[in-house]
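The following note sets out some points for a colleague who is reading this model at the bench. Please have the sequence and the structure in view while going through them.

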Amino acid sequence: MKRGEVWWALIGDRCPVVLLSGDDEPELRVMQIVAAATAAEKQGFVVLSGQQATDSRLLRQVIDSAGTGVRGIGVEVEVGAREGLCPEGVVRVALARDGHVFCTWQATLTKESLIERAGELSPAKLDELANALRLARVE
């Protein structure tokens, strides 16, 4: 088990996760993979793709232009068939804003909670995720 692997896990129900930590730790840090936000769910929020969030100029522009009507800013890193996951989903990371830290779907699991390995993130996707976690001050 290593950082960036995609697994099916038991978190209440069976759901996909991406490992943030490796086999050498007693508990595994994971991010749950969820469905991409719909247009209705994005109302009042700014949601960037993982690739958009790597563009520091674009990110600064978005943060600076987010007015009082924007309740939060998030980054969604797509995870799909290339990473061994069907149906496709996203790792959603919410950026802290105005002293509020939003849920990032991060959990701590034991190895026994992991059911089946599905695949792993490409180096580019892993970089997108690492960037999103850094921006959210999660890592």
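**Notes on a glycine, the salt bridges and the main pocket**

1. Gly 50 touches Val 75, Glu 76, Val 77 and Glu 128, leaving aside residues up to four places away in sequence. The model is a predicted one. Gly 50 itself sits in the loop between strand 4 (45-49) and helix 1 (56-65).

2. Gly 50 has a relative accessible area of 2% and is therefore buried. Between the C-alpha atoms of Gly 50 and Ala 132 the distance is 6.9 Å, although the two are 82 residues apart in sequence.

3. Glu 76, one of the contacts of Gly 50, also takes part in a salt bridge. Its partner is Arg 92, with 2.7 Å from N to O. Because Arg 92 lies in strand 6 (residues 89-95) and Glu 76 in strand 5 (residues 72-79), the pair ties together parts that are 16 residues apart in sequence. Arg 92 is buried, with a relative accessible area of 17%, and Glu 76 is buried at 8%.

4. How many salt bridges does the count come to? The count comes to five. Lys 2, Glu 5, Arg 117 and Glu 120 are linked in a network of such bridges.

5. Within this network, Arg 117 pairs with Glu 5, and the closest N and O atoms are 3.4 Å apart. Arg 117 belongs to strand 8 and Glu 5 to strand 1, so this salt bridge ties together parts that are 112 residues apart in sequence. Arg 117 is partly exposed, with a relative accessible area of 38%, whereas Glu 5 counts as buried at 8%.

6. The side chains of Glu 120 and Lys 2 also meet in a salt bridge, at 3.5 Å from N to O. Distant parts of the chain are linked here: Glu 120 is in strand 8 (residues 114-120) and Lys 2 in the segment before strand 1 (5-11), 118 residues apart. Glu 120 counts as partly exposed at 33% relative accessibility, and Lys 2 as partly exposed at 42%.

7. The largest pocket has a volume of about 280 Å³. Its lining consists of 16 residues, and those nearest its centre are Leu 59, Arg 60, Ile 63, Leu 95 and Leu 135. Helix 1 and helix 2 (123-135) are the elements that give two or more residues to this lining; the largest share, four residues, comes from helix 1.

8. Which classes of residue make up the lining of the largest pocket? The lining has eight nonpolar, three polar and five charged residues.

How values were computed
Residues are numbered from 1 along each chain as its sequence is written. This is a predicted model: local features need pLDDT of at least 70, side-chain atom pairs count only at pLDDT 80 or more; totals for chains, interfaces and linings use all residues. Side-chain values use heavy atoms; hydrogens and water are left out. Buried means under 20% relative accessible area, exposed over 50%, partly exposed in between (1.4 Å probe, protein chains only). Contact means heavy atoms within 4.5 Å. On a 1 Å grid over the protein atoms alone, a cavity is a set of points where a 1.4 Å probe fits but cannot get out, and a pocket is an open set with protein on both sides within 12 Å along at least five of seven lines; lining residues have an atom within 4 Å of a point. Grid points are joined across faces, edges and corners, and a volume is the space filled by probe spheres set on the points. Ala, Val, Leu, Ile, Met, Phe, Trp, Tyr, Cys and Pro count as nonpolar, Asp, Glu, Lys and Arg as charged, and the others, Gly among them, as polar. A salt bridge is a side-chain nitrogen of Lys or Arg within 4 Å of a carboxyl oxygen of Asp or Glu.
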